[in-house]
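Trainee: I should like to go through this model and ask, for each label, on what grounds it is given.

Mentor: Please do; let us look at the structure together.

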Amino acid sequence: MLLSLIRKSNTFTSQKSYNGFYQGNVENADLIRIKLSINLSLYPQIAGHKIHFAIRFLHEDSENGIVPDKLPFKLACC
């Protein structure tokens, strides 16, 4: 129930990653949520500390897959 309340505490905003990388700042958040089209066959790798975080998008086929130069996705910091 607590996790559900945290998830509902903020809405998604449209963002873009460039060359498969996105970096952001956030204060007073415990959770980062990402919505990404499943048709792209990509997954996010997230690293962060306190108020800074970085997202790197990787293709599930690391040898032959291509990550778009500009990748739209939705982000919510809850």
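The discussion below takes up confidence, folding pattern, burial, core, strand pairing and cysteines in turn.

Trainee: What makes the coordinates suitable for a reading residue by residue?

Mentor: The model is predicted, and the confidence of the protein chain has a mean pLDDT of 90, with 100% of its residues at 70 or more. Local features need a pLDDT of at least 70. Confidence is lowest in helix α1 (residues 2-7), at a mean of 82, and highest in strand β1 (residues 13-18), at 96.

Trainee: What is the order of the helix and strands along the protein chain?

Mentor: There are one helix and six strands, and along the sequence they follow the pattern α-β-β-β-β-β-β. The C-alpha trace spans about 40 × 25 × 20 Å along its principal axes.

Trainee: Why is Ser17 called buried?

Mentor: The relative accessible area of Ser17 is 0%, and buried means under 20%; Ser17 is therefore buried. Ser17 has its place in strand β1. Leaving aside neighbours within four places in sequence, Ser17 is in contact with Tyr22, Phe57, Asp69, Lys70, Leu71 and Phe73.

Trainee: Is Ile38 buried or exposed, and how do you know?

Mentor: Ile38 has a relative accessible area of 75%. Exposed means over 50%, so Ile38 is exposed. Ile38 is found in the loop between β3 (32-35) and β4 (42-49).

Trainee: Why does Ile34 count as partly exposed?

Mentor: Its relative accessibility is 23%. Buried requires under 20% and exposed requires over 50%; Ile34 therefore counts as partly exposed. Ile34 lies in strand β3. Beyond residues up to four places away in sequence, Ile34 touches Phe12, Pro44, Ile46, Ile55, Phe57, Phe73, Lys74 and Leu75. One of these contacts, Phe57, is 23 residues from Ile34 in sequence, and the two C-alpha atoms are 11 Å apart.

Trainee: What share of the protein chain is buried?

Mentor: Buried residues make up 22% of the 78 residues. The protein chain exposes about 5900 Å², of which carbon and sulfur atoms supply 50%.

Trainee: Which residues make up the largest nonpolar core?

Mentor: That core has ten residues: Tyr22, Val26, Leu42, Phe53, Ile55, Phe57, Leu71, Phe73, Leu75 and Cys77. Strands β5 (52-59) and β6 (70-77) each supply at least two residues of this core, and β6 gives the most, with four. One core member, Phe73, touches Thr13, Ser14, Gln15, Lys16, Ser17, Tyr22, Ile34, Lys35, Leu36, Ile55 and Phe57, not counting residues up to four places away in sequence.

Trainee: How do the side chains along strand β2 alternate?

Mentor: In strand β2 (residues 21-25), Tyr22 and Gly24 point to one face and are buried, whereas Phe21, Gln23 and Asn25 point to the other and are not. In a regular strand the side chains alternate between the two faces of the sheet.

Trainee: What makes β2 and β5 a pair?

Mentor: β2 and β5 are joined over five bridges, in the antiparallel sense. Pairing asks for at least two bridges, so β2 and β5 pair. Tyr22 stands opposite Ile55 in β5.

Trainee: How many bridges join β4 and β5?

Mentor: β4 and β5 pair over eight bridges, in the antiparallel sense. The bridge partner of Leu42 in β5 is His59. The hairpin of β4 and β5 has two residues between the strands, and there Lys50 takes a positive phi near 50 degrees.

Trainee: Why is there no disulfide between Cys77 and Cys78?

Mentor: The closest cysteine sulfur to that of Cys77 is in Cys78, at 7.3 Å. A disulfide needs the sulfur atoms within 2.5 Å, so this pair is too far apart for a bond. A search of the whole structure finds zero disulfides.

Trainee: Why do Cys77 and Cys78 count as buried?

Mentor: Cys77 is at 18% relative accessibility and Cys78 is at 8%. The cut-off for buried is under 20%; therefore Cys77 counts as buried, and so does Cys78.

Trainee: How are the contacts in the protein chain spread along the sequence?

Mentor: Among contacts between residues at least 6 apart in sequence, 67% join residues at least 24 apart.

Key. Residues are numbered from 1 along each chain as its sequence is written. This is a predicted model: local features need pLDDT of at least 70, side-chain atom pairs count only at pLDDT 80 or more; totals for chains, interfaces and linings use all residues. Side-chain values use heavy atoms; hydrogens and water are left out. Buried means under 20% relative accessible area, exposed over 50%, partly exposed in between (1.4 Å probe, protein chains only). pLDDT is the predictor's confidence in each residue, from 0 to 100. A nonpolar core is a set of buried Ala, Val, Leu, Ile, Met, Phe, Trp, Tyr and Cys residues joined through side-chain atoms within 4.5 Å. Contact means heavy atoms within 4.5 Å. Accessible areas come from the Shrake-Rupley method with a 1.4 Å probe; for residues, only the protein chains shown count as cover.
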